[in-house]
Amino acid sequence: ATGPGGGVFRPVAGSGTQHYRRRGEELLLKACQIESEAGLSAVKEIALVDGIDMIFFAPVELAAACPRGQEAGLMLALETAEMEVKQAKKLLGGMLVPGRSVQQMFSIGYDLVCTTSDVILIRSAAENLILETKPPSTGPQSEMVTWVESSRHSRLARERETLVAKLKATKKIRALGAMLRLGSPTAVELLAESGFDVLVVDHGRGAGDLLGAVSLIQAAARAGAHALLRVPSLDHSHLQRALQIGVEGIILPHVESASEAHGLVELCLYPSRTYRDDSHAAEARMKNQPFRRMDFSFAPPLVEFYGQRVAEFTRRQGESILIAVQIDTPAGANKARAIAKVPGVDMVFIDALRLSGLDVERIEEATRGAGKLLGGLLVPGCDAEDMFRAGYKLICAASDHTLLAQGSRICMKSLTKS
């Protein structure tokens, strides 16, 4: 159909689908982001791959992945990599490098420079507006005006108030938890206000995603509860993103070997590094880790920091992130002693649904012997108090969807009686 200012529509034969697919591949920019030491050292080979249009450098992630004390050599390595990209006649892109201007980056051959992000722009504009609107706390106007006190500072801001710090503080400490599978922030607030201390966003089951998890974590923080995330698997990209949305801990299910536990620790403490199976190297890095603390004052969510602050955040996150391995199979129970001894693992979390009583006892004994925290789902037929007395620090006694079903049954029963 045609008309004044209108478009033209032509029916396409069946072969047109392949035509448009080929045309789409021609129009689509295919870029590889370099954000780790391994990627930086392999830039020349990556740039020579047919079909790759652009090499995109992420300097913040590179700084976070760089060993402490070796940041000075990062700029030289980056400059060498940039030259290799141009020699391969590929497009050069990246985030703005701290210490460089946009003009400098374009002058050395960059085709695309990303200068900032929406989150940084929003935060900057908001801070500027507050500075312009609110007078300083000291000065002639400070005694004439009183502002309403805000409760925006989360109780997670101080390191001693993180979940892992609390659980390790004293033998008497306990935490009662619930699993989150409905994806409802309202349900999260109701559970927290009812008295649950820990809420576990369960991506091991159900259709939850990280974008939906952000609102659940924020709801938990507003209600004063600690939020953990049970991930579906040991996936680098998923964990890298999960660690930036404000969770206080990660639970990895189906752990059956010490190498899997080492892999989780590697990804939680070094999310920008390439995953390696060398458990001895991982253990050596753990022992040489300068410090493992994280500032939760800007959570939730933990997204889009900039420059050196990101590198420091990445290095410090270990001590405040609860790293938990879930053992839920007989094979994992047989390897419980080796799994529990892995440096960096804070908690062994037990799901006893497919375990025998002997398996559970074996895991509990191995966890106590390694001096690690013990947690788990409430065992059917057991009482939470009995499990706490047995040394459990965290017990997830219910889930939002089972509580909804239970409440519905109670409601229907009362209605049918009346």
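Here are four short exercises on the predicted model shown above, each with a worked solution.

**Exercise 1: The whole chain**

Find out how many helices and strands the protein chain has, and what share of its residues counts as buried.

*Solution.* Start with the elements: you should get 19 helices and twelve strands. Next, go through the 418 residues and pick out those with under 20% relative accessible area. That gives 42% buried. For the outside, the accessible surface adds up to about 22700 Å², and carbon and sulfur atoms own 55% of that. Finally, take the contacts between residues at least 6 apart in sequence: 63% of them link residues at least 24 apart.

**Exercise 2: Two helices side by side**

Work out how helix H9 and helix H10 are arranged: roughly parallel or roughly perpendicular?

*Solution.* First, what do we need to know? Two packed helices are described by the angle between their axes and the distance between the axes. Now locate the pair: H9 covers residues 185–194 and H10 covers residues 210–222. Their axes are 8 Å apart and make an angle of about 30 degrees. Angles under 35 degrees count as roughly parallel, so H9 and H10 are roughly parallel to each other. As for the handedness, the crossing of H9 and H10 is right-handed.

**Exercise 3: Who touches whom?**

List the residues through which H9 and H10 meet, then sort them by type.

*Solution.* On the H9 side, you'll find Pro185, Val188 and Glu189. Across from them in H10 sit Ser215, Leu216, Ala219, Ala220 and Arg222. Sort these contact residues and you end up with five nonpolar, one polar and two charged.

**Exercise 4: Three loop residues**

For Lys89, Ser101 and His254, say which loop each is in and whether it is exposed or partly exposed.

*Solution.* Keep the cut-offs handy: exposed is over 50% relative accessible area, buried is under 20%, and partly exposed is in between.

- Lys89 is in the loop between helix H5 (72–87) and strand E3. With a relative accessible area of 74%, Lys89 is exposed. Check its backbone too: phi is positive, about 60 degrees, though Lys89 is not a glycine.
- Ser101 is in the loop that runs between strand E3 (91–95) and helix H6 (102–107). Its relative accessibility is 27%, so Ser101 is partly exposed. The C-alpha atoms of Ser101 and Thr115 are 9.4 Å apart, with their positions 14 residues apart along the chain.
- His254 is in the loop between strand E8 (249–252) and helix H12 (258–269). At 42%, His254 is partly exposed. Its phi is positive, near 60 degrees, in a residue other than glycine.

Note on methods
Residues are numbered from 1 along each chain as its sequence is written. This is a predicted model: local features need pLDDT of at least 70, side-chain atom pairs count only at pLDDT 80 or more; totals for chains, interfaces and linings use all residues. Side-chain values use heavy atoms; hydrogens and water are left out. Helices (H or I, at least four residues) and strands (E, at least two) are DSSP runs, numbered from the N terminus. Buried means under 20% relative accessible area, exposed over 50%, partly exposed in between (1.4 Å probe, protein chains only). Contact means heavy atoms within 4.5 Å. Accessible areas come from the Shrake-Rupley method with a 1.4 Å probe; for residues, only the protein chains shown count as cover. Axes are lines fitted to C-alpha atoms, for helices over the stretch in contact, and angles run from 0 to 180 degrees between N-to-C directions. Angles under 35 degrees count as roughly parallel, over 145 as roughly antiparallel, 65 to 115 as roughly perpendicular and the rest as oblique. A crossing is left-handed if the near helix is turned anticlockwise from the far one by less than a right angle, and right-handed if clockwise. Ala, Val, Leu, Ile, Met, Phe, Trp, Tyr, Cys and Pro count as nonpolar, Asp, Glu, Lys and Arg as charged, and the others, Gly among them, as polar.
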